[in-house]
Amino acid sequence: MEPGSASGVHQRPPYPQPHTPYNQPPYSYHQPSTFGQHGVDSGYPNTELFEDTSSQGGGMQFQSGNQLFADPMASAAMQYGSHLAGVGRQMVDEKVSQFMSTARLKYYFAVDTRYVLKKLGLLLFPFHHTNWAVRYNKSEPIVPRYEVNAPDLYIPVMAFVTYVLVVGFTLGMQNRFSPEQLGIAASSALVWLCLEIGAILVTLYLLHVTTDLLTFDLIALCGYKYVSMIVTLTGGLFFGSYGYYGLLVWTSLSIAYFLARTLRLAILPATAADGIAHASKRRNWLLLVIALMQPFFVWWLTSHVLTYQQSMNAYFKW
């Protein structure tokens, strides 16, 4: 259930359809030319080397392919089979589109290098950013590569994979690595993310909070915490406990401020009878809780990875 689908919640304008710039045009295939029906003249006289016995009673007669397809029953069977195949494919596409839209996923991955660098800078240094609104092109939101405030899934996915690798590298530097640790780190991060998204969706539904956020938006926004986790682990690995806790405080403040400012525009205030939007206490508390959850998860998923029983300088022979 997406938060924009219940209790009078209005929907965000539809996502760009496949005609938008970030979709690839359909491929066209060159059809090979057909051969002529007449054979090639060999230049030899038309002489028969063997006697034609096909007209005799003992010979076996075969039906040509053209005669077979000219059969009305065979043509009807082929048309019926093609119709069933088309109906089946349409049913499968409809079932898949109910859970995941290809056009919607393409929107969240429409990024480039410039966007990624600007977004990473915004996640780590969001305090001087002033304009947090997402621009729209007519009724469609601008794709992330042209709008730094738009949520994307590329950075969360890449950050999640990088987080698992950094965990393995850190454990290896401490002689605590095992292949099972990578699976534990990945599954723990995914489970906590799913629980967080589920709790937010249920809270939005129970409190009847008006929002235009989609489930993919929440996954993207909550997945940005993996960037903070990577920076925190890297600081603890190279600079010990001081680097870990110092970067933990900075990244926690950054991700909390980023989410508070982003969700402030996404979770709309309640509209009173006079038609004027008023901020409610429920909305403010929800923003506060979501923002404060991010530092907790950053600490929870990184604190067990590093141990400071001995200085990290010993690992690098400093």
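In the predicted model, Lys 225 forms a salt bridge with Glu 196, with a separation of 2.7 Å between the closest N and O atoms. This pair joins distant parts of the chain, since Lys 225 belongs to helix α8 whereas Glu 196 belongs to helix α6, and the two residues lie 29 residues apart. Both partners are removed from the surface in the sense used here, Lys 225 being buried and Glu 196 likewise.

The structure holds two salt bridges, and the other pair consists of Arg 135 and Glu 147, whose closest N and O atoms are 2.6 Å apart. Here too the link is between distant parts of the chain, although both ends are in loops: Arg 135 is found in the loop between α4 (113-124) and β1 (136-137), and Glu 147 in the loop between β2 (140-141) and α5, with their positions twelve residues apart. The two partners of this bridge fall into separate accessibility classes: Arg 135 counts as partly exposed because its relative accessibility is 44%, while Glu 147 counts as buried because its relative accessibility is 5%, against a limit of under 20% for burial.

Lys 225 appears again in the packing of helices α7 and α8, whose axes are 9 Å apart and meet at an angle of about 145°. On the α7 side the contact is made by Leu 221, Cys 222 and Gly 223, and on the α8 side by Lys 225, Tyr 226, Phe 258, Leu 259, Thr 262 and Leu 263. Sorted by class, the residues of this contact comprise six nonpolar, two polar and one charged.

Helix α7, which spans residues 215-223, is mostly covered, with eight of its nine residues buried. The buried positions are Thr 215, Phe 216, Asp 217, Leu 218, Ala 220, Leu 221, Cys 222 and Gly 223. The cover over these residues is supplied by several elements, including α3 (102-108), α5, α6 (179-206), α8 (225-266) and α9 (281-300).

Helix α5 also contributes to a surface feature, in that Val 161, a residue of this helix (residues 154-173), is one of the members of a nonpolar patch that also contains Phe 109, Tyr 154, Val 157, Met 158 and Leu 165. Together the residues of the patch present about 510 Å² of accessible area. Val 161 itself counts as partly exposed because its relative accessibility is 41%, a value that lies between the limits of 20% and 50%.

Another partly exposed nonpolar side chain is found in helix α6, where Ile 184 is located; this residue is assigned to that class because its relative accessibility is 45%. The C-alpha atom of Ile 184 is separated by 9.4 Å from that of Val 164, a residue 20 positions away along the chain.

At the level of the whole chain, the model contains ten helices and four strands, which follow one another from the N terminus in the order α-α-α-α-β-β-α-α-α-α-β-β-α-α. Of the 318 residues, 35% count as buried, and the chain exposes about 20600 Å², of which carbon and sulfur atoms supply 63%. Among contacts with a separation of 6 or more, residues 24 or more positions apart account for 78%.

Key:
Residues are numbered from 1 along each chain as its sequence is written. This is a predicted model: local features need pLDDT of at least 70, side-chain atom pairs count only at pLDDT 80 or more; totals for chains, interfaces and linings use all residues. Side-chain values use heavy atoms; hydrogens and water are left out. Patches are made of residues with over 30% relative accessible area and no salt bridge: like charges are joined within 9 Å, nonpolar side chains (Val, Leu, Ile, Met, Phe, Trp, Tyr) within 5 Å. Accessible areas come from the Shrake-Rupley method with a 1.4 Å probe; for residues, only the protein chains shown count as cover. A salt bridge is a side-chain nitrogen of Lys or Arg within 4 Å of a carboxyl oxygen of Asp or Glu. Buried means under 20% relative accessible area, exposed over 50%, partly exposed in between (1.4 Å probe, protein chains only). Contact means heavy atoms within 4.5 Å. Axes are lines fitted to C-alpha atoms, for helices over the stretch in contact, and angles run from 0 to 180 degrees between N-to-C directions. Ala, Val, Leu, Ile, Met, Phe, Trp, Tyr, Cys and Pro count as nonpolar, Asp, Glu, Lys and Arg as charged, and the others, Gly among them, as polar.
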